[in-house]
Amino acid sequence: MARAASIATSRLHGATPDLALIVTAGSPVPDAGVHARSVLGRIQIAGGATAAILTDDGPMKEGALVACVANADGAASGVAATAGRGLADAGQAAARLVLSGWPFRARYPRGLGIAFARPATGDSAQRFLDSWRDFMGPKMRTVCGVLTSPVLYGGAADSAPSVSVACVEAPYATGLGYTDATAGEGTPSSDALVHGAAEATLTALKRLDGRPAKLVLVIESAERYAMLGNAARAEWASMRSQMDESTPCVGWLVEEVAAYGRGVQPTAARGPLVVVALGDAPRA
């Protein structure tokens, strides 16, 4: 964890990180936040444990991912780890908590949110998004992934949150791309899945309106990944081919993922994949 945090902060070229996403694969890491903060300082943290981290070298079933974000001038970030009777309650509580830290913001802040949810019977990422957006508004593009593990990071040591969510707020260049595994009849071919992932990546990058991507995240359902079989590497290569090779691109597997933003609406389709692109805020 400390090594991953050191690598992440070194890529900020001297900027001080304000927010870190932490995702681990394999055995959950006790005190993950403590280890990360030993390198990064008193930083805001959100994340969780999952079955595999997606990288350029293939899936990692043991390891840690740390992605750091430094706020642009005039920007803000916020995290919340909350519980509730379900993801709808937790989403409402998380939105209230984040917004309480931004009293100087407009009614509907603009930016990007990434949510990690604990799996629960009969619950869904879409329920989180519905209640979250009732409070956060339509301008905060948000992705919610229900993880393959019940372990979330970012809360107090003795807490068991239902969601761990992080936001960056400002007119950042952000983009979402979505695809799923629907087909006219039966299961789509691996070629169709690979093509869909490339198109989702291209869509996310186009939303940056010509600005370069600083970070690309891929949140993929485990069901879709299993459908790909030996074509999993081809899917990753197809997404990578849409961006500059120097652009940081990582991802993780989830039980379910849903997103809400420009051109993307939550659905209950099989085998979803969401691509998130984050660029710079425009300069005055």
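In this predicted model, helix H5 passes helix H7 in a right-handed crossing. H5 spans residues 190-206 and H7 spans residues 232-240; their axes come within 8 Å and cross at roughly 25°. Because angles under 35 degrees count as roughly parallel, H5 is described as roughly parallel to H7. On the H5 side, the residues that meet H7 are Leu-193, Val-194, Ala-197, Ala-198 and Thr-201. Their partners in H7 are Ala-234, Glu-235, Ser-238 and Met-239. By character, the residues of this contact of H5 with H7 comprise six nonpolar, two polar and one charged.

A second helix pair can be described in the same terms. Two packed helices are described by the angle between their axes and the distance between the axes. For helix H3 (residues 87-100) and helix H4 (residues 125-136), the axes cross at roughly 35° and come within 7 Å. The crossing of H3 and H4 is right-handed. H3 contributes Leu-87, Ala-88, Gly-91, Gln-92, Ala-94, Ala-95, Arg-96, Val-98 and Leu-99 to the contact, while H4 contributes Ala-125, Arg-127, Phe-128, Ser-131, Trp-132, Phe-135 and Met-136. Eleven nonpolar, three polar and two charged residues make up the contact of H3 with H4.

The loop that leads into H3 from strand S6 (76-82) holds Arg-85. Is this residue buried or exposed? Arg-85 has a relative accessible area of 80% and is therefore exposed, the cut-off for that class being over 50%. Although Arg-85 and Ser-162 are 77 residues apart in sequence, their C-alpha atoms are 8.7 Å apart in space.

Helix H2 (residues 32-40) shows how burial can be distributed around a helix axis. Its buried residues are Ala-32, Gly-33, Ala-36 and Leu-40. These residues cover an arc of only 85° around the axis, and therefore lie on the same side of H2. An α-helix has 3.6 residues a turn, so residues three or four places apart point the same way. Against which elements does the buried side of H2 pack? The buried residues of H2 pack against helix H1 (2-10) and against four strands: S1 (19-25), S2 (44-50), S5 (63-69) and S9 (152-153). Val-34 and Ser-38, by contrast, are exposed and are carried on the face of H2 turned away from the buried side. Just after H2, Gly-41 adopts a positive phi of about 90°.

Definitions and conventions: Residues are numbered from 1 along each chain as its sequence is written. This is a predicted model: local features need pLDDT of at least 70, side-chain atom pairs count only at pLDDT 80 or more; totals for chains, interfaces and linings use all residues. Side-chain values use heavy atoms; hydrogens and water are left out. Axes are lines fitted to C-alpha atoms, for helices over the stretch in contact, and angles run from 0 to 180 degrees between N-to-C directions. Helices (H or I, at least four residues) and strands (E, at least two) are DSSP runs, numbered from the N terminus. Angles under 35 degrees count as roughly parallel, over 145 as roughly antiparallel, 65 to 115 as roughly perpendicular and the rest as oblique. A crossing is left-handed if the near helix is turned anticlockwise from the far one by less than a right angle, and right-handed if clockwise. Contact means heavy atoms within 4.5 Å. Ala, Val, Leu, Ile, Met, Phe, Trp, Tyr, Cys and Pro count as nonpolar, Asp, Glu, Lys and Arg as charged, and the others, Gly among them, as polar. Buried means under 20% relative accessible area, exposed over 50%, partly exposed in between (1.4 Å probe, protein chains only). The arc is that of the directions from the helix axis to the C-beta atoms.
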